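The following exercises concern a model with more than one chain. Please work through each task before reading its solution.

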Number of protein chains: 2
Amino acid sequence: MKFNLTKTDKNSKARTGELITDRGTIQTPIFMPVGTQGSVKGINQQELSEKIKAQIILANTYHIYLRPGIEVIKQAGGIHKFINWEKPMLTDSGGFQVFSLSDIRKINDEGVEFRSHIDGSKLFFTPENVIDTQRTIGADIIMAFDECTPFPCEYDYAKKSLTLTHSWLKRCIHRFNETEPEYEKQQSFFPIVQGSVYKDLRAESAKFIADQHCEGNAIGGLSVGEPAEMMYEMTELVCDILPKEKPRYLMGVGTPENILECISLGIDMFDCVMPTRNARHGFLFTSQGIINIKNEKWKFDNSAIDEIFTPDYSKAYLKHLIKCNEMLGMSIASIQNLSFYMWLVNEARNKINEGVFTSWKKEILEKITRRL
Amino acid sequence: MKFNLTKTDKNSKARTGELITDRGTIQTPIFMPVGTQGSVKGINQQELSEKIKAQIILANTYHIYLRPGIEVIKQAGGIHKFINWEKPMLTDSGGFQVFSLSDIRKINDEGVEFRSHIDGSKLFFTPENVIDTQRTIGADIIMAFDECTPFPCEYDYAKKSLTLTHSWLKRCIHRFNETEPEYEKQQSFFPIVQGSVYKDLRAESAKFIADQHCEGNAIGGLSVGEPAEMMYEMTELVCDILPKEKPRYLMGVGTPENILECISLGIDMFDCVMPTRNARHGFLFTSQGIINIKNEKWKFDNSAIDEIFTPDYSKAYLKHLIKCNEMLGMSIASIQNLSFYMWLVNEARNKINEGVFTSWKKEILEKITRRL
């Protein structure tokens, strides 16, 4: 992997770049659609590529490990072949899901013993086996196994957890370095900054992570319920410490506004389930503002959902489909929201390159956060 | 509407033809995918047209009447514009759904009073208002409002019901003739033969229907639980009475085998929810045989689901998606099954035209009914 910084904004810390992987080049800042179980919900791979123009997608190690299982992925020749997706993929480490979805049985220095949220079977994740799993999945970008602290989180717990996360990180890196890439493609490793909402812990973690000299760096443990201002504060603090010449990935963020604000703080990569999850409930992001398509006001509205992204279907039709729980409604709405997110980061990129990012951000936020 | 009979098979009563409508020509025999609420479940209109190559689709008057409601369709300029589908559409009359889905409150000569299965509201369908509704929906083919008898059904009830259905038919035709087509496109009316599984009633009904000289004729009340042989017997009896020069539509049928058998008895048009419903449960029709994709044997099978219809995705991936209840799984499986049905009727058409239908039918049935 190679990261070329193209341009840095004069009025903010926003920057553009390109991330060159063996499966293609990613233009940053970028948004990565989430394909938890190896499918971006409601969308097929052709739509993902051609309509949404996704450059990289994410899958969840925890989910893929449970179903279909790693042996299935291995025999398919990696996840790209398994799901028929040729562009880059990133896998999270499962840390977030282990702590949020499963019954945790025991957490110790060695790793985490937990029960599957599907069948209750007992499993044990360690930094080493999580790296091995991601190698076998065949992710282009592999994430460190960390503990993602909740919000709120006591200072003492956050500090203790950070120590564990850092010790696991050293083991992740060791394992990553002693193993070979799978499927004849380069795989890169990103460590994750933790530290909850405590400045000193975040600073300590960012320095520790920076010192590992990995190919890219991530910020985790944010967008877990804390106020947006607190998230921005932590993001800024961490970005200022992380090396400029490496891509920075803010995990699990966020709203369109969160994304633009964090781009201005120096973030290059984002992922979030919000566009697809909101879509399934009828909440749309459009180039003209926010739409709750279940609202009665759209009942007779035969205008396109969005002239740019979904010109083929009307608001009235989408309202009907969502109200009737038709899969097509969820699919159209997901295409709309993901297309919007991809458009937003691409526009941000263009505006940074043109040197007008800050003024554009103010204008576009007024427009796209309106409730229609 | 114009129906041109192209060829009649020498060894069976199978025939090919073309049904010319204001929205395009339909090659018969044809299968019509079912879009109950204005959407073929799990599939978008582009896939329906380009991948599945549907020539005509069906929508359900009862469902559309309840949601989104007729006023929405009217203000959209008809159902074709509402759902963005330019090819022909057929609407059933709602008779089947009124009798199968709703709490029937009262059935009398005038019509049926029933309660919506959605919100329990009280509604009244008559032959006249059902024709009006289908006019407003903008269907290219409008169906008679009938009583669809269940199976089993006592002879006396079937006879009494038939009298009602025939009296309603006269009123449907009267209303159809005194009203104008909507949205500047021709609309055609098809009456429906009933009579349960009783030969004399079926013969009486077929004669009555033939005497109305409508543009096409339908057979209802079959595939409701009776043995297949009984369905074939009734279909043959009715086909022999219905005029040769008009298209014959067998409602709600059926399996691939049912369809080929009924083509050989002289049926031109079919609809059924089986391909999409089975798909959602992981039962696939393929060019090589029947697949239950949930079966463990497919877990590591990286071959294409079907080289002809769904070459982009493997059996292992589809098994995973269906097992995880991912929408994409249901969508891929639905594309597979509908593509198969469309291929089957198209092949039947080719073989009739080539004069080898009967021998081909035997061979292909052996192949496609195998359990893989």
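The exercises below treat symmetry, the interface, helix packing, sheets and single residues in turn.

This is a predicted model, in which local features need pLDDT of at least 70, side-chain atom pairs count only at pLDDT 80 or more, and totals for chains, interfaces and linings use all residues. Residues are numbered from 1 along each chain as its sequence is written, while chains are lettered from A and ligands numbered from 1 in the order in which they are written.

**Exercise 1. Symmetry**

Determine which turn and shift lay chain B on chain A.

Solution. Step one is the superposition, done by least squares on the C-alpha atoms of residues with pLDDT of at least 70 in both copies. Step two is to read off the operation: a turn of 180° with a shift of 0.0 Å along the axis, giving an RMSD of 0.0 Å. This is therefore the relation of a two-fold axis. Step three locates the axis relative to the chain: B:Met327 is the residue of chain B that comes closest to it, with its C-alpha at 3.6 Å.

**Exercise 2. The interface**

State how many residues of each chain take part in the contact between chains A and B, and which elements of chain B supply them.

Solution. First, apply the criterion: two residues are in contact if their C-beta atoms, placed from the backbone, lie within 7 Å. On this basis 31 residues of chain B touch 31 residues of chain A. Second, assign them to elements, where helices (H or I, at least four residues) and strands (E, at least two) are DSSP runs numbered from the N terminus. At least two residues each come from α3 (70-76), α4 (79-83), β19, α12 (315-323) and α13 of chain B. The most are given by α12(B), with five residues. Third, sort by class: the side of chain B that touches chain A has 14 nonpolar, 11 polar and six charged residues. Here Ala, Val, Leu, Ile, Met, Phe, Trp, Tyr, Cys and Pro count as nonpolar, Asp, Glu, Lys and Arg as charged, and the others, Gly among them, as polar. Finally, 100% of the interface residues of chain B are also interface residues in chain A, so the copies meet through the same surface.

**Exercise 3. Helix packing across the chains**

Describe how α13(A) passes α13(B).

Solution. Two packed helices are described by the angle between their axes and the distance between the axes. Axes are lines fitted to C-alpha atoms, for helices over the stretch in contact, and angles run from 0 to 180 degrees between N-to-C directions. The axes of α13 (residues 327-354) of chain A and α13(B) come within 11 Å and cross at roughly 115°. The crossing is left-handed, a term for a near helix turned anticlockwise from the far one by less than a right angle, with right-handed if clockwise. The contact consists of A:Met327, A:Met330 and A:Ser331 on one helix and B:Met327, B:Met330 and B:Ser331 on the other. By class these residues are four nonpolar, two polar and no charged.

**Exercise 4. Two open sheets**

Give the strand order and the pairing sense of the three-stranded sheet of chain B and of the four-stranded sheet of chain A.

Solution. Two strands pair if DSSP finds at least two bridges between them. In chain B the order is β1-β2-β3, with antiparallel pairing. The edges are β1 (2-8) and β3 (24-28), each with a single partner strand, so one side of each is left without a neighbour in the sheet. The twist averages 15° from one strand to the next. Strand β2 (residues 15-21) is joined to β3(B) by five bridges, and B:Gly17 has B:Thr28 as its bridge partner. Helix α13 of chain B lies across β1, β2 and β3, at about 120° to β2(B).

In chain A the order is β5-β6-β10-β11, with parallel pairing. β5(A) pairs with β6 (residues 89-92) over four bridges, and A:Asn60 is partnered by A:Asp92.

**Exercise 5. One glycine**

Decide whether B:Gly329 is buried or exposed, and identify its contacts.

Solution. A residue is buried if 20 or more other C-beta atoms lie within 10 Å of its own, exposed if 12 or fewer, and partly exposed in between, with C-beta atoms placed from the backbone. B:Gly329, found in helix α13 of chain B, has 25 such atoms within 10 Å and is therefore buried. Leaving aside neighbours within four places in sequence, B:Gly329 is in contact with B:Leu318, B:Leu321 and B:Ile322.
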